[in-house]
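Trainee: Could you take me through one part of this model closely, at the level of single residues? I'd like to see how a helix sits against the rest of the chain.

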Amino acid sequence: MALTPNDREKLDISDDQIFYQQPRYVQHLSDSFRTRLTNLYSKYLLNHHVILDLMSSWVSHLPSNIKYKKVIGHGLNEAELSSNERLDRFWVQNLNKTQNMPIEDSSIDAGLIVAGWQYLQYPEKVSLELSRI
């Protein structure tokens with residue numbers, strides 16, 4: 001099913017970066033969901049993986065007892081991403097404006113998006129980028 005132009009419209013049409021100018025140090029997911037998600041990651045993500053955490057924040061849902069080869073973060077607020085101790089590096093980018101990611105082809109083992117799909121206006125383009133990297 002293809003998204004129509006109407007499907008891509010947001011209720012708040014202002015630039016996403018305006019909303020994310022200020023850090024928002026809040027939990028976006030329930031405690032029980034975060035626990036289940038961390039348990040899932042511990043089963044499938046291996047310590048030799050390079051992981052991309054798209055639409056990340058100040059916290060990580062990765063298990064704290066596993067050191068991955070590299071964890072690369074992406075988000076819309078630099079202060080939040082700087083606070084995320086699991087990230088080895090990160091960049092700030094609005095994926096609703098530009099979907100091309102500054103990452104080399106076939107360099108990522110796992111791309112994670114926890115609760116961000118619902119905010120993407122062009123999820124198919126982001127999916128293609130994930131396939132590329």
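**A close look at helix α2**

Mentor: Happy to! In this predicted model, the buried residues of α2 are R34, L37 and Y41. Looking down the axis of α2, you would find these buried residues within an arc of 65 degrees, so they line one face of the helix. The helix itself covers residues 31–44, which makes 14 residues. From the first C-alpha to the last, α2 reaches 20 Å, close to the 20 Å expected at 1.5 Å a residue.

Now turn the helix around in your viewer. The face of α2 turned away from its buried side carries the exposed residues D31, R36 and K43. Back on the buried side, what covers R34, L37 and Y41? Part of the cover is strand β4, residues 110–113.

Y41 deserves a second look. Besides being one of the buried residues of α2, Y41 helps to line the largest cavity. Sharing that lining with Y41 are D53, S60, H61, L62, L112 and V114. Among these, L112 falls within the 110–113 range of β4, the strand that contributes to the cover of α2. How big is this cavity, and what is its lining like by class? Its volume is about 30 Å³, and the lining has four nonpolar, two polar and one charged residues. The structure holds one cavity of 30 Å³ or more.

Strand β4 also leads us to another helix, α4, which runs over residues 123–132. What covers the buried residues of α4 includes β1 (50–54) and β4; β4 therefore takes part in covering α2 and α4 by the contact criterion of heavy atoms within 4.5 Å. The buried residues of α4 are P123, V126 and E129. They cover an arc of only 115 degrees around the axis, which puts them on the same side of α4. Turned away from that buried side, the face of α4 carries the exposed residues L128 and S131. Strand β1 ties back to the cavity too: D53, one of the lining residues, falls within the 50–54 range of β1.

For contrast, try a spot outside these helices. N6 lies in the segment before α1 (16–19). Is N6 buried or exposed? N6 is exposed, because its relative accessible area is 56% and the cut-off for exposed is over 50%. The C-alpha atoms of N6 and L29 are separated by 28 Å, with the two residues 23 apart along the chain.

Key
Residues are numbered from 1 along each chain as its sequence is written. This is a predicted model: local features need pLDDT of at least 70, side-chain atom pairs count only at pLDDT 80 or more; totals for chains, interfaces and linings use all residues. Side-chain values use heavy atoms; hydrogens and water are left out. Helices (H or I, at least four residues) and strands (E, at least two) are DSSP runs, numbered from the N terminus. The expected span of a helix is 1.5 Å times one less than its number of residues. Buried means under 20% relative accessible area, exposed over 50%, partly exposed in between (1.4 Å probe, protein chains only). The arc is that of the directions from the helix axis to the C-beta atoms. On a 1 Å grid over the protein atoms alone, a cavity is a set of points where a 1.4 Å probe fits but cannot get out, and a pocket is an open set with protein on both sides within 12 Å along at least five of seven lines; lining residues have an atom within 4 Å of a point. Grid points are joined across faces, edges and corners, and a volume is the space filled by probe spheres set on the points. Ala, Val, Leu, Ile, Met, Phe, Trp, Tyr, Cys and Pro count as nonpolar, Asp, Glu, Lys and Arg as charged, and the others, Gly among them, as polar.
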